[in-house]
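Let's take a walk through the cysteines of this protein, asking how they pair up and how much of each one is accessible. Have the structure open beside you as we go.

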Amino acid sequence: MPIEFVCKIKFAEEDEKQKNKQDGDKESLIEESCTPPAKDLAGFANSCSLHGINHIFVSGRLGIRQTLWALAFLTSLLLFLYHAAKCAISYLEHPHVTALNEEATPEMVFPAVTICNINRFRFSALTDADIYHLANLTGLPPKNRDGHKPSDLMYPAPDMQDIFNRTGHQLDEMLMSCNFSGQNCSVEDFTVVYTRYGKCYTFNGNKTASRKTKQGGMGNGLEMMLDIQQDEYLPIWRETNETSLEAGIRVQIHSQDEPPYIHQLGFGVSPGFQTFVSCQEQRLTYLPQPWGNCRATSKEKFPGYDAYSISACRLLCETNEVLRVCKCRMVHMPGTADICPPSKINCVDKALAQLQKNSGDTCPCETPCNVTRYGKELSMVKIPSKGSARYLSRKYDKSEDYIRDNFLVLDIFFEALNYETIEQKKAYDVAGLLGDIGGQMGLFIGASILTVLEILDYIYEVIKHRLQRLLRPQKEEEKKSKQQASTIATVGLEEMKVKEPNDMTRSHPEGAYANTILPNHHLPHPHHHHAGHHGVFEDFAC
């Protein structure tokens, strides 16, 4: 009966590596890409450009040197994060700085000049019907002593546009002389505008045909002599909200892009004086959100005006409020609605007073991002002098006292042909933020953008390797089973011949092989090839 010996053959390490390599080559033919195992952390630390980590993640046991390097690296990392957070917070606050500069130019556009007589209605131009209708505005009694009887109250409804136009001071009667940069000007160079003072006049208000000046200083701007016509001022019988106790004119110097808002932004000029107004143009540039709070020019067109301005915004807010409360508008307000009659003046006053209290909530007028304004310096001298009073009296056929009480000279000019630019600029932009963070990163941890990419690439490889192991567990087990595979050899006793004790001792000396390990079976033994009947015992052992 044959006897079988079952032996487990364990191949040497070189054979196992060769076998795995051959299996891998076969598998690469089947699969086009084979995921390599992720890099170990120590290897990544040695190849990464981040300073210090190659001294921390080393093979072997963690020692004092690695601990000190780790503390130094963590300290530097914390300092970097602290300064980077400060930079980010500073950027999110959106700070800005203001830059002031002065630039010269060969010529400059002369500003628009609006003038209004403080007295709104000429007394001689008022009819009895006008006085009756304007009683709430002027406070005047009727012209006849008996007063208006009920039977006399058959006046037609007032046409406020006609009243303001007809009874206001006429420029051809007020303007005694006019000169601009050495050239005479006349009434035709002015346009009629309506303000809270009634009928007013604007010089150089046309943006498309604006006048320019090529020289600064006195005598190179607008010079006017005006007669304010105090004899036409309304007598005061009782005070109303529209009663004025002054005599003179109101003047506003503004750009052609904004309407006059003279009752708040104008300045007064008195009769009996020559007033010099030295101007300097200022061009202001503000930043939009989030650095500032200006209105960008790209926004929709402002209704009722060619361009947006704070004055236009305020006038539009006042118009909307008066329309809402009183169902009408004042003569200087934009739109096509009916002009409020004097009977609704109290309603208008209440609506405007309420708007002024709540203007911040109901009428937020943003500052435009580009503003042109004019700085002014005023100086005055008395006119006429004793020597010129008689001459002016003969020239204009007026008494000397009339000239002293009614005549004034207004001289407006540029101080020099230069303008100031006041510009808001970003104090901390994205480039500054990246530069500061990059500097802190290089100073504390010696890193850059490419270093960050290296770390992200390593994290990606690790995650990719872990996911592949989770998604293909069966394939990994097959590979592992191949690496741990064993070979079973069956040796029949019938094939063996009984050996002599001395042959057995000769072929297998004591201690030549371990009892559980076989020698390499594939390696030839030159000193045994001639003894074929001894090959089994010399190649295998159980």
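Cys279 has a relative accessibility of 1%, so it counts as buried, the cut-off being under 20%. Cys87 falls under that cut-off too: at 11% relative accessibility, this residue is therefore buried. Please keep in mind that this is a predicted model.

How many disulfides does a search of the whole structure find? The search turns up seven. Let's visit some of them.

Helix H9, residues 310–326, is a good place to begin. A disulfide ties Cys313 to Cys365, with an S to S distance of 2.1 Å. This pair bridges distant parts of the chain, 52 residues apart: Cys313 sits in H9, while Cys365 lies in the loop between helix H11 (359–362) and strand E15 (367–368). The link is left-handed because the torsion about its S-S bond is about -85°. Is each partner buried or partly exposed? Cys313 is buried, because its relative accessibility is 6%; Cys365, at 22%, counts as partly exposed.

Stay with H9 and you will meet Cys317, which forms a disulfide with Cys363, their sulfur atoms 1.8 Å apart. Here again distant parts of the chain are joined, since Cys363 is in the loop between H11 and E15, 46 residues from Cys317 in H9. With 85° about the S-S bond, the link of Cys317 and Cys363 is right-handed, and both of these cysteines are buried.

Our last stop is the disulfide of Cys178 and Cys185, whose sulfur atoms are 1.6 Å apart. This link is left-handed, with -85° about the S-S bond, and Cys178 and Cys185 are both buried.

Note on methods. Residues numbered from 1 in each chain as written. Predicted model: local features only at pLDDT ≥ 70, side-chain atom pairs only at ≥ 80, totals over all residues. Heavy atoms only, no water. Disulfide = S-S within 2.5 Å. Buried < 20%, exposed > 50% of the residue type's maximum accessible area, 1.4 Å probe, protein only. Helix = DSSP H or I, 4+ residues; strand = E, 2+ residues; numbered from the N terminus.
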